[in-house]
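Colleague: I should like to learn how the features of such a model are read. May we take them one at a time, beginning with charged pairs?

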Amino acid sequence: MSGPSQKRRNVLRALLSAAVLAVLAPFSGLARYFYRENASQTQRQRIANLKDLSPGTAIFFSYPRTGDPKIDGDPFRQYVLLMTRDGKIRAYSRVCVHLWCLPTYAADRGELVCPCHGSIYRDEDGVAVEGPAALQPYPYNALPMVRLEIDGNGDIYAVGIDGLIGLGREWRVRSPDENVVRV
Amino acid sequence: MSREYRTFKEAIDALIKWTVERLERTPFAAFKFTFPKQYISPFGYLGTLTAIVFLILGISGAILMFYYTPSIETAYASVKEIQESVPFGFVMRQIHYHASNFMVLLAVFHLYYQYFSGRYKIKNEVLWVTGIILGILTVLEAYTGYNLILNQRAMLAINIGMGLTFSAPVLGPSIAPILMGGGYFDLIVRFYALHVFIIPLLMMLLLAVHIPRALIIDMPMILGVIGAIFVVAGMFPAELGLRFDPTVGAVEVPEWYLTSIYAFLRTGSERFWAGALLPLLFAIFFLIVPFVDKSKRLSWRDRPFFTAMGIASILMIIVTTVWGFYVDFSKLTVFEQLYVEPVIYYGSFGIMTMVSFFITYRFLTKPRGRPAPAKPLVLSPRAGTAGVVVTLLLVLAFSWLAVLTYLENLPNISMFNMGMSMIMLGLMLHIYRHTAFATART
């Protein structure tokens, strides 16, 4: 078949395709429904002041904070801000990259120790040196870090996460010092 | 209808006839139900048995939903309430738990029976492929189910599953947050939705394609399987476990159908390649087998390569599952107790798989002489009866001994008894149909 009837059919087909697209287009962002919005880890949040920390101390905090105790108490939002014995400021996710238990800070040894299977992380860079987490290949053997900004008043802000919580961090790509910025 | 019926039976017969005639307008007419009048091998209808256990899971699960709350704060407490204070809650939970184990087990037997008898040929490719997908969904359904309790064991499984998803190449990092949401408080709700609705719905849709039109409904065997679920529940009731606490280490081993994956992870190898790639290869092998094995032969004897592959895959499952359960309690720390030396692990795994493959292959390809014609089994009626009576007495003696042994300290005697009575009912049904059929013949 050819001629004007074929042409008319083509026009109708194009119109129909356009109509289908017009109906479906608003749903293009549907995928966003499945991701929780307040889980985005780019919020700027004040944690503490430099005066609150002395060498060998740690402050536990939740990030990004919402005010809802159920959400803020979630293990995946647990972090530790610490000052190493030689005065470096660091903040790590508290979720062990082995089996997701919550390590605590052993200041006297300069280590983060997981209570479940005994993984031990260095406090200056969060890299596992002993236990099951240390056996995992790079980059699955280091705690994710919180990117920090310290302003002129000494206020410490969390501004983002370096790494994937419960999984690891590419600690050879980005040194821990790059995650602590003085502004 | 103005007709009059003289007896009640006539009226009932007429009603049944009326209903059956009208049902012919529905898809029901497409199915051919067979109620066997004598014993037939249950291997042929393992699929039906699996489907019936699935139905039991649906019913018991729906009833459990009345009390269970999918919330990070109350999930464990609500399961505890079901287990300890709701009347019959304990029974419901045990049925649901043990039926899930039975379903996975029956599905595995179903798979291997169909595999070794070459049923994936003869235009059954669609049935076969949907069956494999159904099997994977069954394991996923069981997995999401036992995570809902939020005990230590559930958290271990969630952790491993999410770790595997996260580390999957390309799509992993974008799929995992969909399951995970903003954290555990989201995860529990999402797993709940998957467990009670999304996965069962997918399974039922696939079942509509997987179900063959000729169905065998063997009531004695069905009662036997349901009874067995109760008996096992009576002997090994599922416990609550410890409430999840991320600051306490516990030696936990996942459910038996996941320990094989767990074993790979315990060697400390990279997550995805160890924990997901091999099971994936396993599934892919079974998915493509009907398109690779093009011969017209059905019997396992005539397909040495595929039979050997099947045997090797069974050995693979056994070796990895045993390693998954292995815990060395002589070691001091939890980590050392759970660590599996990779060289020993992969060594034993490789050797067992290959040896079983080659032995089977050699055995089947060895030239055989013509098999001797089978001797017809002739039993004189009296000898047959004596044999049956002796066997029955032996079975009775053993089961009574077992009951007496367990009676003293059985964790849950009532469920055991319920199961036993169901099995007995099945046995009686079998004897009844046998004698009824025998008298009808003479």
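Modeller: A salt bridge is counted where a side-chain nitrogen of Lys or Arg lies within 4 Å of a carboxyl oxygen of Asp or Glu. The model before us is a predicted one.

Colleague: How many salt bridges does the structure hold over all chains?

Modeller: Over all chains there are 14 salt bridges. Side chains of opposite charge can pair when their charged atoms come close. In chain A, one such pair is A:Lys88 with A:Asp86, at 3.9 Å from N to O. A:Asp86 is exposed, with a relative accessible area of 60%, whereas A:Lys88 is partly exposed at 32%.

Colleague: Where do B:Glu84 and B:Lys80 lie, and how many residues apart are they?

Modeller: Both belong to helix 3 (residues 75–84) of chain B, four residues apart, which is about one turn of the helix. Their side chains meet in a salt bridge of 3.7 Å, N to O. B:Glu84 counts as exposed because its relative accessible area, 55%, is over 50%. B:Lys80, at 35%, is partly exposed.

Colleague: Which residue forms a salt bridge with B:Arg433?

Modeller: The partner of B:Arg433 is B:Asp218, and the closest N and O atoms are 3.1 Å apart. This pair links distant parts of the chain, with the two positions 215 residues apart in numbering. B:Arg433 sits in helix 17 (residues 413–441) of chain B, while B:Asp218 is in the loop between strand 2 (214–216) and helix 9 (219–235) of chain B.

Colleague: Is B:Asp218 buried or exposed?

Modeller: B:Asp218 is buried, at 2% relative accessibility. B:Arg433 has a relative accessible area of 12%, so B:Arg433 also falls under the 20% limit for a buried residue. Salt bridges may also share partners: B:Lys17, B:Glu21 and B:Arg22 are joined into one network in this way.

Colleague: Let us turn to the interface. How many residues of chain B are in contact with chain A?

Modeller: In chain B, 33 residues are in contact with 28 residues of chain A. The two chains bury about 2700 Å² between them, 66% of it on carbon and sulfur atoms. Four residue pairs are in polar contact between chain B and chain A, both residues being at pLDDT 80 or more. The rule finds zero salt bridges across this interface.

Colleague: Which elements give two or more residues to the side of chain B that touches chain A?

Modeller: These are helix 6 (152–167), helix 7 (172–180), helix 8 (184–210) and helix 14 (334–338) of chain B. Helix 6 of chain B gives the most, with eight residues. By class, this side of chain B has 18 nonpolar, 10 polar and five charged residues.

Colleague: How does one check the length of a helix?

Modeller: One compares an expected span with the distance between the end C-alpha atoms. Helix 15 (residues 342–365) of chain B has 24 residues, so at 1.5 Å a residue the helix should span 34 Å; the end C-alpha atoms are 34 Å apart, which agrees.

Colleague: What do the buried residues of helix 15 of chain B pack against?

Modeller: They pack against helix 10 (259–266), helix 12 (277–292) and helix 13 (304–325) of chain B. Among the buried residues of helix 15 are B:Tyr345, B:Phe349, B:Phe357 and B:Leu364.

Note on methods: Residues are numbered from 1 along each chain as its sequence is written. Chains are lettered from A and ligands numbered from 1 in the order in which they are written. This is a predicted model: local features need pLDDT of at least 70, side-chain atom pairs count only at pLDDT 80 or more; totals for chains, interfaces and linings use all residues. Side-chain values use heavy atoms; hydrogens and water are left out. The expected span of a helix is 1.5 Å times one less than its number of residues. Buried means under 20% relative accessible area, exposed over 50%, partly exposed in between (1.4 Å probe, protein chains only). Contact means heavy atoms within 4.5 Å. Buried area is the accessible area (1.4 Å probe) that two parts lose on being put together, summed over both. A polar contact is a pair of N or O atoms within 3.5 Å; within protein, one must be able to donate a hydrogen and the other to accept it, and residues adjacent in sequence count only if both atoms are side-chain atoms. Ala, Val, Leu, Ile, Met, Phe, Trp, Tyr, Cys and Pro count as nonpolar, Asp, Glu, Lys and Arg as charged, and the others, Gly among them, as polar.
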